[in-house]
Amino acid sequence: RPIISAKDAVFESGCRDPLIEAKNPRMNAAFVVLARNSEIDGVVSSMRSLERHFNQWFNYPWIFLNNERFSQEFKKKVAQVSSGPVRFGTVPAARWNFEEQQTNPVLFKEAIESQGDREIMYGNTASYHNMCRFYSGYFFKHPLVRKLDWYWRVEPDVDFYCDLTYDPFLEMQMRGKKYGFTVAIKELVNTVPNLFRYTNAFIKKHDVPLSDAWDFFVDRFDVYKGQNSEHYKSTTNRRDFWKKLEERVPMYHALQTAGEDAARLDQHSLNRLVDHSNKRGLHMVNKDQFDGTEYNMCHFWSNFEIARTDLFTSELYQQYFDYLESSQGFFIERWGDAPVHSLGAGMFLNLSEIHYFRDIGYKHSTLGHCPKNSPRQLPYKPGPRYKNVYHENDERNLAKYDRPVSDGGVGVGCRCKC
Ligand code: GDP
Ligand code: MN
């Protein structure tokens, strides 16, 4: 299933003249970096990379946010690297710590310790929970960010590999895009066991009209319907059924269904479900209906984002965030901002408003996206080998939503060196 529609062509396959592009007016946009003072070297490294490949021509401002005050050293060093204005913001404790928001500190501590015991990635790190919740619901409300139309999220220690010779904010605006990504990847199931359920409940509660983008995030799952059917009577199919349940569907759904329709499941099967659920440490929350869809765990890797702020400052997104917040899933589980933003985009945007920046070479930690240089720039003549190369690979790569999407062979980049 393609991540994005064929309509979502790359904005430019190859290089433009950045000096000419830079003559266009600037958008109301900035880079936004949440970072600690101790991360200054990584911040400077990311900035150098992005300045060299893009901002040296466009001089967009850099905005730095921190839950503590930035040191003079931090401020001085980033100012030296930036070709645009720099701004510094502090995140008030009320927007950062759970304890400041009527969260029971004992419950909080127990919840995250239990995530540590279950080896949930970053589960036992309070600051990581703070960070994810901040990026999910608060950062676009920060006074420095709120007044922007667009932001580009940057993290310490990321690399950019290609020249970006046009203004992505301007180009997105012209093409009606609202959210741009470079990498899509699967989430760790145990960090978000109930996120989709709350999301679905929110959709029902607010009658959210779902767009074509939503389909990208859901698996239609109807094995339950099949369990009493002829199909289910075959041993192989029955084994498949359990395998699917155990591997792909968080157990609470199965349990709920089992509870509602216990007559259809034998005791042994029921025990297996309970067992499995307990082993995975999934907690049970109040019931809402399983409607035959499940989150496929795909999300845009949000350490890179170029997006409109009004996607997230919209009333509906805020209601969504508040709903998630009230479920306490930002600490009872370890919901990342990436799946939250992605499900938000999936709910509130049309597919045509989401853009895959396949021409931006990018790496964060061990994963990234590496475009090949556009054939136009290669020292050989485009021949039959290169004809349609973009299209073929396009379809092939887009179908791989279950792994980091990387274009290996697609020639869309400008002076890329990955
Ligand atoms: P990962 O990319 O998922 O491994 O998470 P990171 O540790 O890189 O954190 C994501 C972003 O949030 C980075 O920009 C970090 O600098 C920032 N960040 C994470 N925790 C904190 C924190 O406690 N304080 C501040 N100021 N920034 C943080
Ligand atoms: Mn990171």
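**Exercise 1. The seven-stranded sheet and its helices**

Across which strands does helix H5 (residues 126-137) lie, and at about what angle does H5 run to E1? Place these strands in their sheet, and describe how the sheet is built up.

*Solution.* The structure is a predicted model. Helix H5 lies across E1, E2 and E4, and its direction runs at about 160° to E1.

The next step is to find the sheet to which these strands belong: it is an open sheet of seven strands with mixed pairing, in the order E3-E2-E1-E4-E11-E6-E12. Strand E3 (86-90) and strand E12 (354-356) stand at its edges with a single partner strand each, so one side of each has no neighbour in the sheet. On average, neighbouring strands of this sheet are turned by 20° against each other, direction ignored. Helix H3 (residues 72-81) also packs on the sheet, where it touches E2 and E3 and makes about 150° with the direction of E3.

The pairing can then be followed strand by strand. E1 and strand E2 (residues 62-66) run parallel and are joined by four bridges, with Phe64 in E2 as the bridge partner of Val33. Strand E1 (residues 29-34) also pairs with E4 in the parallel sense, over four bridges, and here Ala29 stands opposite Trp150 in E4. The sense changes at the pair of E4 and strand E11 (residues 305-308), which is antiparallel over four bridges; Glu305 in E11 is the bridge partner of Arg153.

**Exercise 2. The two faces of E4**

Which residues of E4 lie on each side of the strand, and are they buried or exposed?

*Solution.* Trp150 and Trp152 lie on one side of E4, whereas Tyr151 and Arg153 lie on the other. All four are buried, and both faces of the strand are thus covered. For the protein chain as a whole, 55% of the 418 residues count as buried.

**Exercise 3. The three-stranded sheet and the manganese ion**

Which residues coordinate the manganese ion (ligand 2)? Relate them to the strands around them, and state what the pair connects.

*Solution.* Begin with the sheet that contains E5. It is an open sheet of three strands in the order E5-E13-E14, with antiparallel pairing. Strand E5 (158-160) and strand E14 (367-369) are its edge strands, each pairing on one side only. Neighbouring strands here are turned by 10° against each other on average, direction ignored. Three bridges hold the antiparallel pair of E5 and strand E13 (residues 362-364), and Phe160 stands opposite Tyr362 in E13.

The ion itself is coordinated by Glu155 through OE and by His364 through NE2, at 1.9 to 2.2 Å. Because Glu155 lies in the loop between strand E4 (150-153) and E5, and His364 in strand E13, the pair ties together parts that are 209 residues apart in sequence.

Burial is the last step for these two residues, and it needs the cut-off of under 20% relative accessible area. Glu155, with 18%, is buried, and His364, at 17%, also counts as buried.

Ser365 offers a further long-range relation: its place is in the loop between E13 and E14, and at 44% relative accessibility it counts as partly exposed. The C-alpha atoms of Ser365 and Asp159 are separated by 9.2 Å, although the two residues are 206 residues apart along the chain. Over the protein chain, 84% of the contacts between residues at least 6 apart in sequence join residues at least 24 apart.

**Exercise 4. Helix H15 and its two partners**

At roughly what angle do the axes of H8 and H15 cross, and at roughly what angle do those of H15 and H17 cross? Classify both crossings.

*Solution.* The axes of helix H8 (residues 195-206) and helix H15 (residues 315-326) come within 10 Å and cross at roughly 130°. That makes H8 oblique to H15, and the crossing is right-handed. Among the H8 residues in this contact are Leu195, Tyr198 and Phe202, which belong to a group that meets H15 residues including Leu316, Tyr320 and Leu324.

For H15 and helix H17 (residues 337-348), the axes come within 11 Å and cross at roughly 135°. These helices are therefore oblique to each other, and H15 passes H17 in a right-handed crossing. On the H15 side, Leu316, Tyr317, Tyr320 and Leu324 take part, meeting H17 residues that include Val340, Leu343 and Met347.

Definitions and conventions:
Residues are numbered from 1 along each chain as its sequence is written. Chains are lettered from A and ligands numbered from 1 in the order in which they are written. This is a predicted model: local features need pLDDT of at least 70, side-chain atom pairs count only at pLDDT 80 or more; totals for chains, interfaces and linings use all residues. Side-chain values use heavy atoms; hydrogens and water are left out. Two strands pair if DSSP finds at least two bridges between them. Axes are lines fitted to C-alpha atoms, for helices over the stretch in contact, and angles run from 0 to 180 degrees between N-to-C directions. Donors are N, O and S atoms within 2.8 Å of the metal (3.2 Å for Na, K and Ca); water is not among the atoms, so sites may look incomplete. Buried means under 20% relative accessible area, exposed over 50%, partly exposed in between (1.4 Å probe, protein chains only). Angles under 35 degrees count as roughly parallel, over 145 as roughly antiparallel, 65 to 115 as roughly perpendicular and the rest as oblique. A crossing is left-handed if the near helix is turned anticlockwise from the far one by less than a right angle, and right-handed if clockwise. Contact means heavy atoms within 4.5 Å.
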